[in-house]
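Subject: Structure handover

Hi,

Here is the structure I promised you. Please open it first, then read my notes below.

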Amino acid sequence: MVRRTEWLFTWFVNNIYIILYSLREFLNLLLKKNLKLKHFKTSMPKTILVTGGAGFIGSNLCEFLLEKESAKIICLDNFFTGKKENIASLLKNQNFVFVEKDIVDPILFDEKIDQIYNLACPASPIHYQANPIRTIKINTIGVINTLGLAKKHNARILQSSTSEIYGDPLVHPQTEDYKGNVNPIGPRACYDEGKRIAESLFFEYHRNHKLDIRVARIFNTYGPKMAKNDGRVVSNFILQAINNDDITIYGDGKQTRSFCYISDMVEGLYRLMNQDYVGPINLGNPEELTILQIAEKILELTESKSKLIFKDIPQDDPHRRKPDITLAKNKLNWQPVIPLNDGLIKTIESFKSVLS
Ligand SMILES: NC(=O)c1ccc[n+]([C@@H]2O[C@H](COP(=O)([O-])OP(=O)(O)OC[C@H]3O[C@@H](n4cnc5c(N)ncnc54)[C@H](O)[C@@H]3O)[C@@H](O)[C@H]2O)c1
C-alpha cells in the first residue's frame, strides 16, 4: 500500500507540468464554449410582435423598430382603423411581416416571440364609440388572448394604456398614483373602463403568472400617419385649416390638452420595453395648452382663412389634461424633445403631401 502511494506521488511530481497544462487547456475549452453560447444567445435575432401595428402609433413604432433593432417585426392588425398605406413602405423590408388578424380571436404563433407591444384598440371617440361592446371585447377578451400569447412564449409584453384612465381628473397634473375620476356608465366608459380593466389584467398576469409586463399611460399624441377622419383634435384642426373650412371647437375651448409628438412617444415606449421598470408610467408632453390656443397655432402655421365655430361639448369630455412625467424622467431617462411648433410643422407637411 505504502509502495503504491509512493509510486503515485512520484508519478504526480514527474508529470505535474503535463497535468497542469491539460487542466489549463480543459478550462480554456470550457470558457470558450461558454462564451460561444453566450454570444449565440445575444446575437440571436429577436422577434417582436406589434398588435395594432397598422395604426397611427403602431406603424410609426414598427418603422422605428426596423431601424433600431436587427429583429424580425411582426405587425398584426385587423384594419379596423389602421391602413395598408401606413405599412406599405415597411413591407419591402425583409424583417417585416404583416399578419391580418383580430386579437379578439385566439392568437397562435409557432415561432418564438420575444416582445409584444399591445396597441390594438381604436383610440378616437368616433371609432371606439361606433361599437362600444366590441371596444370592451378588445380590452378584455383581446387583452387576455394577447397576455396568453405572452405567457406561452415567456415574452415581455407592453400595454398601451391611456391618460383616459384618469377620466375627468380632479388632480392636476396627473401622477401615476392618482386613481382617476371615470364615469363607468357614460359613452366613453367602453374605452376608459376598458383600458382600466386591461391594466388590471396585466397586473394579475404579472402577480399570478410572473409575466414580464410593462404598462405605459399614453397621453395625446400627434404626428404623421394620424387618420384623417377620426375627429382627433390636431388632425381635425389641420385638415379644416388646410381646406379653409370652419374649425370646430367643442365647448368654449378653454379645456386643456398636452400633445406629444410621435417620435418622442415611440422612443418612450421603446425605452419602457427595454428597461426594468414595470409601470404604470405616464408618457406624454407636459406642455399644456387650451384647445383655443392649439387652434390658433394651427391657423397661424397653415396661414389659413378658416373661422372658429363653437359646438356643444361631448359628455364626460375631460376639462384638463397634463401628465406628470417625473417617473418617466427618473426611470427611463425620457422626456419629449420635439417642441410643439416643430411637431405641428412636420404634421402639417405630411397631411399636405398626402392630400396632394
Ligand atoms: N394616439 C393617442 O393619442 C393615444 C393616446 C392614448 C392611448 N393610445 C393607445 O395607443 C394605441 C394605438 O393608438 P393609435 O392612436 O395608434 O390608434 P389607431 O386607431 O390609429 O390604431 C389602433 C390600431 O389597432 C387596430 N385594431 C383595432 N382593433 C383591433 C383588433 N381587435 N385586432 C387587431 N387590431 C385591431 C386598428 O386597425 C389600428 O391599426 C391604442 O391602444 C390606444 O388606446 C393612443
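Start with one helix pair. Lys 297, Ile 298, Leu 301 and Thr 302 in H10 touch Leu 344, Ile 345 and Ile 348 in H12. By class, that contact has 5 nonpolar, 1 polar and 1 charged residues. H10 covers residues 291–302 and H12 covers residues 340–355. Their axes lie 11 Å apart, and the packing angle is about 60°. That makes H10 oblique to H12. The crossing is right-handed.

Before going further, a word on confidence. This is a predicted model. The average pLDDT of the chain is 91, and 92% of the residues reach at least 70. One stretch needs care: over residues 34–42, pLDDT stays under 50. The model gives that stretch 0 contacts beyond four places in sequence. Where pLDDT is low, the predicted coordinates should not be read in detail.

Now the ligand. The shell around the ligand is made of 29 residues. Gly 52, Gly 55, Thr 81, Gly 82 and Ala 123 are the closest. Three elements give two or more residues to this shell: helix H3 (56–68), helix H6 (132–153) and strand S5 (156–162). Which element gives the most to the shell? That is H3, with 3 residues. By class, the shell holds 15 nonpolar, 12 polar and 2 charged residues.

H3 also packs on another helix, H9. The axes of H3 and H9 come within 10 Å, and they cross at roughly 65°. This crossing is right-handed. On the H3 side, the contact uses Ile 57, Asn 60, Leu 61, Phe 64 and Lys 68. On the H9 side, the partners are Ile 262, Met 265, Val 266, Leu 269 and Tyr 270. By class, this contact counts 8 nonpolar, 1 polar and 1 charged residues.

H6, which also gives residues to the ligand shell, packs on H7. The axes of H6 and H7 come within 9 Å and cross at roughly 20°. The two helices are therefore roughly parallel to each other. H6 passes H7 in a right-handed crossing. From H6, the contact residues are Pro 132, Thr 135, Ile 136, Asn 139, Thr 140, Val 143, Ile 144, Leu 147 and Lys 151. From H7 come Cys 190, Tyr 191, Gly 194, Lys 195, Ile 197, Ala 198, Leu 201, Phe 202, Tyr 205 and His 209. The residues of this contact divide into 12 nonpolar, 5 polar and 2 charged.

Last, the backbone. Two cis peptide bonds deserve a look when you step through the loops.

- His 172 to Pro 173: this bond is cis, with omega about -10°. Pro 173 is in the loop between S5 and helix H7 (189–209).
- Gly 279 to Pro 280: this bond is cis too, with omega near 0°. Pro 280 is in the loop between helix H9 (262–274) and strand S11 (281–283).

Which sign does phi take at Asn 154, positive or negative? Phi is positive there, at about 55°, although Asn 154 is not a glycine. Asn 154 is in the loop between H6 and S5. Both of those elements give two or more residues to the shell around the ligand.

Best wishes

Definitions and conventions:
Residues are numbered from 1 along each chain as its sequence is written. This is a predicted model: local features need pLDDT of at least 70, side-chain atom pairs count only at pLDDT 80 or more; totals for chains, interfaces and linings use all residues. pLDDT is the predictor's confidence in each residue, from 0 to 100. Two residues are in contact if their C-beta atoms, placed from the backbone, lie within 7 Å. A residue is near a molecule or strand if its C-beta atom, placed from the backbone, lies within 6 Å of it. Helices (H or I, at least four residues) and strands (E, at least two) are DSSP runs, numbered from the N terminus. Ala, Val, Leu, Ile, Met, Phe, Trp, Tyr, Cys and Pro count as nonpolar, Asp, Glu, Lys and Arg as charged, and the others, Gly among them, as polar. Axes are lines fitted to C-alpha atoms, for helices over the stretch in contact, and angles run from 0 to 180 degrees between N-to-C directions. Angles under 35 degrees count as roughly parallel, over 145 as roughly antiparallel, 65 to 115 as roughly perpendicular and the rest as oblique. A crossing is left-handed if the near helix is turned anticlockwise from the far one by less than a right angle, and right-handed if clockwise.
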